[in-house]
Amino acid sequence: MKYTETKFLHHLLRLFLSSAFLIFILSNPSVAQKKEIFTQRYQPSFKKGTVKAFLEDIRLRTQIVIEYSSNSLSLENIIDLDGTETSVGMVLQKILKDQHVKLIERSNKIILAPSATPINVDELVAAYTLFGFINEDTSREPMIDATIVDVCHNKTIVSNAHGYYSLSLPEGNHQLKFSYTGYNEKNISVSIHSNTRTDIRLSAKSEMTEIFVTAENPIKKNGADKIPSDLNEPYNFFLGENDPIRSVYLFPGVINLPENFSGMLVRGGGPDENLFLLDGTQIYNPSHMLGALSIINQTSMKSLQLFRSDFPSKYSGSLSSVIDVYTKDGNMEHWHGEGNLSVLSGSFTLEGPLVKNKTAVMASFRHSWPESMLFSFSNNLKPNFYDIHFKLTQLLGKNDKLMGNFYKGQDKINQSGKNTDNLHQWGNIAGSLRWNHLIGAKSFINTSVDASQYNNLGGYKYSLLDDNENEVQSRSLGTFSSIEHYSGKIDGEFYLSAKLRLNMGAKYNHTIIEPFATKITAHLEDDEKSFTSFTPLPFDELSGYAEIEYKPSRHFFFRPGMHVSNYQFKDYHFFSWQPRFFMSYQIDARNQLFASYSRMTQYLHLVTNPYLGLNADIWVPSTAILKPEQSESYNLGYAFHNKRGWRISIDGYWKQLQNITNYADGKSYFINQTNWEQNIESGKGWSYGMELMTEWTSRKFSLHFTYTLSWSWRQFDNINQGEKFPFKYDRRHIINLGIVYHLSRKFDVSALWSYSTGDVYSMPDYVYPDYDNAQQITNPNDLLKNYRFIYQFNSLNQYRTSDYQRFNASIQYSSSKQKKIKSIIAAGVYNIFGSPDQYSYDLLGSLNNKSLIIQSGNTVYNFIPYVSYTLKF
């Protein structure tokens, strides 16, 4: 074994041992819990009596001496037992409730001493675990983040990503409430005398009983923003496509760039700083149509979480955000399907049991139309894309589940117009095998292996023109690159006590990058096999994490964690410690405070050729010269939630970025496979700001409002004289306002207004003619000659473009939910005012006239009306 691997395993062992020690300190039970005196069997002689009578009965029947002062106890209180008490601790739990005493045990003697606070009677009885899975009633689909409430003790937990829950309860009788938004609440009574498994199935609310109410407001355990599978925001449909990722764009701190190939920026980060996981498998470009549409078909999605302010320790590999998507397992009891027809594409999803309550399958397919209406409204953009998603789920008894996933998607876009002829072609293939295993009442293990591949081909056609702007000659410049990613991981959840949970896991990644090869041909090349790649660039990463979730009281929660990683590319090794921390404090039922800290490391760099069109994104690994990217982020927030349907959250953040990349000015771009590191500039960046999100839901209205105030900076030693400058997409103000009005049970009208201040750009401070004696350019007053001008830039990004805004409107009809076949018809207009989503600026001038800045607006997706039809059966 290599030295670096031995050193990493040593660090990993230290991490796990440190976690185990901290767990021992936090979970070390009180003396009262440890002693067998309280578990001694005891059946009272009577069910109703005074506190004094019960204490005397315990002494007589168990020979346990109980000492107390009559001044410290309300001895004449009448206690009425229910007959289920079978131990000393269970009886003391009832008779000492709300008594201001503390309990001391010595040599088979119990001393009840005065105390300023009431005794915690739950410590007098044994604690057992109630556990199981929460599933949807008709499909047995696991329900993520379902709420479980212990009514008597006002204790709340939520189910995990696989519908599993584990709740530690004191011995005795309990009332439990299980709930999930859009489903009927289920109340059960349980008598706990040992670890007990109880699986719960929740049924969807019927249309007649559906009302707009808000769910429980448990204390926050992370900073995730969640998109439910049944989210319906018609105002945010893209040409009739209900895309869950477009709902992510409406969160504060998130920017969607229709003109940017990667499509999304988060809190001042670059497009490469977002990790997208599909059923745990990394997808490098989860978009269609240059970022306007995602690869997620809403009909197949089970849950989506966006992490931008807080990163649990199991996540790594990105600096700015993580989008974690889980798809449906497949209906275990009935066959169901959904089809959608829009002006852009057609899609369907089919799910059902191959073997009832044992084997289920889910298949989803989507394809764009050969000639869509989009071509008439989108500046000669011809999209051609498809998605295939297949999932097979096999139950292996009550404690085991096996899931196989496969995804394939492809895009090909021809973009033509005046002086424009570009080709964009990319695709993803991903597959995974996952095994869920339940180990007893307190442990849950998830093991998986997965693989993915991403191919990216871009072509740019340029022409040589004569003086009359007639084409003399044309050439096409094409690039191609690919990434292969393989990983194996294991994640464990260990419920150690009612207050303490341990999350722990390890992962191995092997990634192979094939850098692009440039090819010059007479026509646009779309055959990937015709390109020649440089020598592949493989690298490996071995990582592990440990994280503790500790809730010492009803109002306080904190989650410290550590992620460690060992990276190797050729002879270069890098080891990173990545501490994480999250805490929340629930002031009362409506108000919470929360804070987080995260250090992240990213080993992949994304660089973009500035001389090509949109599709010129190239991934490269970290090296001794091109160090891994790192970030440190701090977040402080406040959340408000009441029973009238209002939710308000305010966040303030600060983020520092290190070793981020930029194309080095004046360098040839990947001129050969040995010096590419020299062509990339490394620098630093930072961003900070404030975010506000307000949501309100009533019977008739739904409101979604977000506002972002932010600053984002970059600094490189050899760019802009080493001075800091605003990031290209430093948008100071961003506003999103979405409203839905429910005309009736079947009709909704909605509108969305999005606004942001403009991006920054650079213009020269001076323009002067280039005097050249060899070309006889010597007299600036001689305007008969064609002069070449020199542009002098003194700083970068010193100007700001015009503001951006977009307005969408739609109307939707939905048939009755009680019918077995349901229809949904949506119609609307995207970008009603045809507002530009990108501005470009040119300088036009002469020696006799002042230089003029010419602004031109580019609209990738112009005013586009649409209609769509969805059928559910």
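In which order do the five strands of the open sheet lie? The answer comes in the first legend below. The model shown is predicted.

**Figure 1. Five strands form an open sheet.**
The strand order is β14-β21-β22-β17-β18. Pairing within this sheet is mixed. Its edge strands are β14, residues 225–228, and β18, residues 281–282. Each edge strand pairs on one side only. Strand β21 covers residues 301–307 and pairs with β14 in the antiparallel sense. Four bridges link β14 and β21. To find one of the pairs, look for Ile-227: its bridge partner in β21 is Leu-304.

**Figure 2. Strand β51 is largely enclosed by the rest of the structure.**
This strand runs over residues 822–830. Seven of its nine residues are buried, so the rest of the structure largely encloses β51. Strand β50 (residues 804–814) pairs with β51 in the antiparallel sense, over six bridges. Here Ser-814 stands opposite Ile-824 of β51. Strand β54 (residues 864–872) also pairs with β51 in the antiparallel sense, over nine bridges. On this side, Ser-823 stands opposite Leu-871 of β54.

**Figure 3. The largest nonpolar core has 30 residues.**
Which residues have the most contacts inside this core? They are Phe-238, Leu-239, Met-289, Leu-344, Tyr-567 and Trp-619. Several strands supply at least two residues each to the core, including β33 (537–553), β34 (556–569) and β35 (572–586). Strand β37 (604–608) does so too, as do β51 and β54. Another core, of 25 residues, lies apart from this one. Among its members are Phe-38, Leu-73, Leu-81 and Leu-112.

**Figure 4. Twelve named residues make a nonpolar patch on the surface.**
Start with Trp-335, Phe-348, Leu-350, Leu-354, Val-355 and Ile-388. Then add Phe-390, Leu-392, Phe-406, Ile-429, Ile-821 and Phe-873. Together these residues have about 1100 Å² of accessible area. Strands β24 (345–355) and β26 (381–395) each supply at least two residues of the patch. Which strand gives the most? Strand β24 does, with four residues.

**Figure 5. Phe-348 and Pro-383 sit in strands β24 and β26.**
Is Phe-348 of β24 buried or partly exposed? Its relative accessible area is 41%. Phe-348 therefore counts as partly exposed, since this value lies between the limits of 20% and 50%. Pro-383, in strand β26, has a relative accessibility of 9%. Pro-383 counts as buried because 9% is under the 20% limit. Now trace the chain from Pro-383 to His-424: they are 41 residues apart in sequence. In space, their C-alpha atoms are 9.4 Å apart.

**Figure 6. The whole chain has five helices and 54 strands.**
This view sets the close-ups in context. The chain has 873 residues, and 53% of them count as buried. Its exposed area is about 38600 Å². Carbon and sulfur atoms supply 55% of that area. Consider the contacts in the chain with a separation of 6 or more: residues 24 or more positions apart account for 66% of them.

How values were computed
Residues numbered from 1 in each chain as written. Predicted model: local features only at pLDDT ≥ 70, side-chain atom pairs only at ≥ 80, totals over all residues. Heavy atoms only, no water. Patch = residues over 30% accessible without salt bridge, like charges linked within 9 Å, V, L, I, M, F, W, Y side chains within 5 Å. Areas by Shrake-Rupley, 256 points an atom, 1.4 Å probe, with all protein chains shown as cover. Salt bridge = Lys/Arg side-chain N within 4 Å of Asp/Glu carboxyl O. Buried < 20%, exposed > 50% of the residue type's maximum accessible area, 1.4 Å probe, protein only. Pairing = 2+ DSSP bridges. Contact = heavy atoms within 4.5 Å. Core = buried A, V, L, I, M, F, W, Y, C linked by side-chain atoms within 4.5 Å.
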